[in-house]
Amino acid sequence: MLLISVVSGLVSGFVGGYALQRGGFCMHSAFRSIAFEKEHSIVRSWLLVLAINIPAVLLLEQAGLVFPARAPLTVFAGLIGGLVFGLGMVLAGGCVSGTYYRASKGMTGSLVALTGFVAGGLMVTRGVLQPVRGWLMRTELSVAGEEASLYNLPAVFSTGFFPGFGFRWLIAGVLVLAIVIFLLRAPKSRFTVGWSWWQTGVVVGLVAVAAWYFSALEYRDYGLSIVQPTNALAGWLLVRESGGINWASWFLLGLIPGAFVAAWRAGDLSLRVPSARRLMQNLGGGVLMGWGANLAGGCNIGHGITGVSTLSLGSIWATAATIGGVWLMTALVYRTTAQPQT
Amino acid sequence: MAEQTIDKELDLSGEVCPYTFIKSKMAIEALQPGQVLRVTVDNSESAGNVPRSLSGEGHEVVSVDKADKGRWRIVVRNGSTVE
């Protein structure tokens with residue numbers, strides 16, 4: 001059993017890391033581009049991942065293979081954590097997964113951000129900020145006493161009505177259809193460096209489905225995540241606690257060499273050092289990301305891909321807050337950068 | 001093939017997004033319509049994103065070439081119409 005977990009985790013991680021690197025799958029850029037640019041390739045990759053995973057998770061659930069744990073709707077933790085995480089992402093120059101694959105190809109700014117992310121995370125999960133999280137997590141909303149999921153929303157309007165799988169498929173079908181219509185209207189892209197948006201979306205999407213399946217084999221009711229295994233590996237490396245080591249940890253350990261090999265094959269492997277000022281900014285951004293993601297209980301992957309695919313309202317809320325944080329900080333960066341240098 | 005005339009060079013080595021996009025956007029907008037900017041970036045995401053974004057802003061991407069290991073050169077022509 002452990003062998004299946006280790007091997008499937010490392011292999012999925014390798015494929016995932018390779019795809020993230022070749023596809024330049026940066027959710028920070030995706031979130032920013034929604035409001036600030038007219039070009040939405042990475043948003044398309046993300047939506048394609050969701051269009052694959054929303055029905056796949058429902059199918060696995062209906063087949064009784066997976067029992068998705070939907071993130072609770074912790075209003076304040078999701079809002080504040082998501083915002084702080086979004087602000088940090090801009091300063092760190094990438095999302096959490098982006099920071100991992102960029103660090104893997106020799107970008108020292110991302111390595112510094114990653115160090116800050118680990119430290120910030122430990123402060124929230126085991127350190128001085130632990131009480132803040134406990135306090136923020138106290139307010140939890142449910143949907144008519146049930147799990148806060150988009151699937152359960154009809155119960156609000158009609159007391160006691162909890163839709164079966166037929167109704168759930170209707171909701172999932174409408175969402176997927178909307179995404180597919182948007183994707184079919186994509187303009188043809190020229191000058192593609194690396195994989196196209198749809199190649200990246202398909203591979204990351206399939207890896208995310210595999211994550212659900214293999215995690216369920218070890219009774220872990222969640223899919224891809226980065227924050228939890230980062231904390232688990234840091235806890236094991238720094239204070240010798242091996243409690244949280246699971247499929248996701250093996251995935252993360254596979255992701256790093258996968259991203260490395262992808263960069264090596266593409267001639268994108270070299271040590272790159274930004275200015276000292278930028279390095280400090282990356283460190284601060286990393287710490288903010290560590291605080292935010294751990295307060296919100298997930299990052300752009302755990303909430304933004306896995307959680308949103310379960311239609312958990314908590315994950316949708318935290319992802320919306322993250323996008324808000326990215327927009328705020330991007331507006332600030334635009335303002336300060338656009339000032340004439342004197 | 002005739003060598004493309006370059007009106008302005010911008011080296012963005014060490015920068016990642018959003019700075020690569022903001023700085024290249026500012027540089028191309030400072031040029032006259034038809035003038036050409038050459039941007040150097042040192043990571044593949046920026047090499048993918050900057051041309052896509054600038055093209056979305058209405059500028060014409062002339063070429064994207066891999067100059068060296070981990071270095072890309074993007075040549076863009078200002079596509080704004082004369083008012």
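Accessible areas here come from the Shrake-Rupley method with a 1.4 Å probe, and for residues only the protein chains shown count as cover. This is a predicted model, in which local features need pLDDT of at least 70, side-chain atom pairs count only at pLDDT 80 or more, and totals for chains, interfaces and linings use all residues. Residues are numbered from 1 along each chain as its sequence is written, chains are lettered from A in the order in which they are written, and side-chain values use heavy atoms, without hydrogens and water.

Select chain A and show its surface. About 14600 Å² is exposed, and carbon and sulfur atoms supply 70% of that area.

Switch to the C-alpha trace of chain A, which spans about 65 × 50 × 45 Å along its principal axes. Then show chain A as a cartoon: there are 15 helices and two strands (DSSP runs, H or I of at least four residues for helices, E of at least two for strands, numbered from the N terminus).

Colour chain A by burial. Of its 342 residues, 56% are buried (under 20% relative accessible area, 1.4 Å probe, protein chains only).

Next, move to chain B and select residues 36-41, strand β2. Five of these six residues are buried, so the strand is largely enclosed by the rest of the structure.

Add residues 8-11 of chain B, strand β1. Four bridges join β1(B) to β2(B), and the two run parallel (strands pair if DSSP finds at least two bridges between them).

Which residue stands opposite Thr40(B) in β2(B)? Select Asp11(B) to see that partner of Thr40(B).

Technical notes. Buried means under 20% relative accessible area, exposed over 50%, partly exposed in between (1.4 Å probe, protein chains only).
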